[in-house]
Structure formats: structure tokens, C-alpha cells
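Here's an informal look at one chain, with a focus on its charged pairs and its nonpolar surface. Take a look at the model first, then read on.

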Amino acid sequence: MSGPAKKAFPLRLDPALYAAIERAAAADLRSVNAQLECLLREALARRGVKLTEPVAAKRGRPPKSKEE
């Protein structure tokens, strides 16, 4: 399952902040990473920073070829 390349980088957070993000992620049924990305996108949108829509990962089976 190969999606679009994402930039990886180390991030140091206060443990209390991380715990709050972890609780919010669990409530939204997301990973902490996905929750951070969502929060950052929301914050940038509130500041008027325009981003391209994220590319959704392809899910499910690939279509059958017509030659079968």
C-alpha cells in the first residue's frame, strides 16, 4: 500500500500536550499522526493559508483487467 510520499521529521512535544492530542485522536478514531495533520490543516485554514487537498490513498482491490 503505497500512498503519496510524506515528509518525516522528529517532533518534541510536552508530555501533557501529547496526551491531550492522543485523547483527541482516540475520540476521533484517528492515529496521533493523523490528528496532528488534521489540527495543523485546520489551524492553517483559520489563518487563511491555502493548501492543496491531500491525496487519498487508494483502497480496495485493483480493477480487473479486460484481457482476463
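## Tyr18 and the nonpolar patch

Let's start with Tyr18, which sits in helix H1, the run covering residues 15-27. Keep in mind that this is a predicted model. Tyr18 has a relative accessible area of 36%, so it counts as partly exposed.

Tyr18 also belongs to a nonpolar patch on the surface, together with Phe9, Leu11, Leu13 and Leu17. The patch comes to about 480 Å². Patch members need over 30% relative accessible area, and Tyr18 makes that cut-off because its value is 36%.

## The salt bridge between Glu37 and Lys6

Now for the charges: how many salt bridges does the structure hold? There are 3. One of them pairs the side chains of Glu37 and Lys6, with an N to O distance of 3.0 Å. This pair ties together distant parts of the chain: Glu37 is in helix H2 (residues 32-46), Lys6 is in the segment before H1, and 31 residues separate them.

How do the two partners sit with respect to the surface? Lys6 is exposed, because its relative accessibility of 58% is over the 50% cut-off. Glu37, with a relative accessible area of 26%, is partly exposed.

## Arg41 joins in

Glu37 has another partner, Arg41, and here the closest N and O atoms are 3.6 Å apart. This contact stays inside helix H2: Arg41 and Glu37 are 4 residues apart, or about one turn of the helix. Arg41 is partly exposed, its relative accessible area being 29%. Through shared partners, the salt bridges join Lys6, Glu37 and Arg41 into one network.

## Arg30 and Asp28

That leaves the pair made by Arg30 and Asp28, whose side chains meet in a salt bridge at 3.3 Å, N to O.

Are these two buried, exposed or partly exposed? Arg30 has 36% relative accessibility and counts as partly exposed. Asp28 has a relative accessible area of 42%, which makes it partly exposed as well.

Technical notes: Residues numbered from 1 in each chain as written. Predicted model: local features only at pLDDT ≥ 70, side-chain atom pairs only at ≥ 80, totals over all residues. Heavy atoms only, no water. Patch = residues over 30% accessible without salt bridge, like charges linked within 9 Å, V, L, I, M, F, W, Y side chains within 5 Å. Areas by Shrake-Rupley, 256 points an atom, 1.4 Å probe, with all protein chains shown as cover. Salt bridge = Lys/Arg side-chain N within 4 Å of Asp/Glu carboxyl O. Helix = DSSP H or I, 4+ residues; strand = E, 2+ residues; numbered from the N terminus. Buried < 20%, exposed > 50% of the residue type's maximum accessible area, 1.4 Å probe, protein only.
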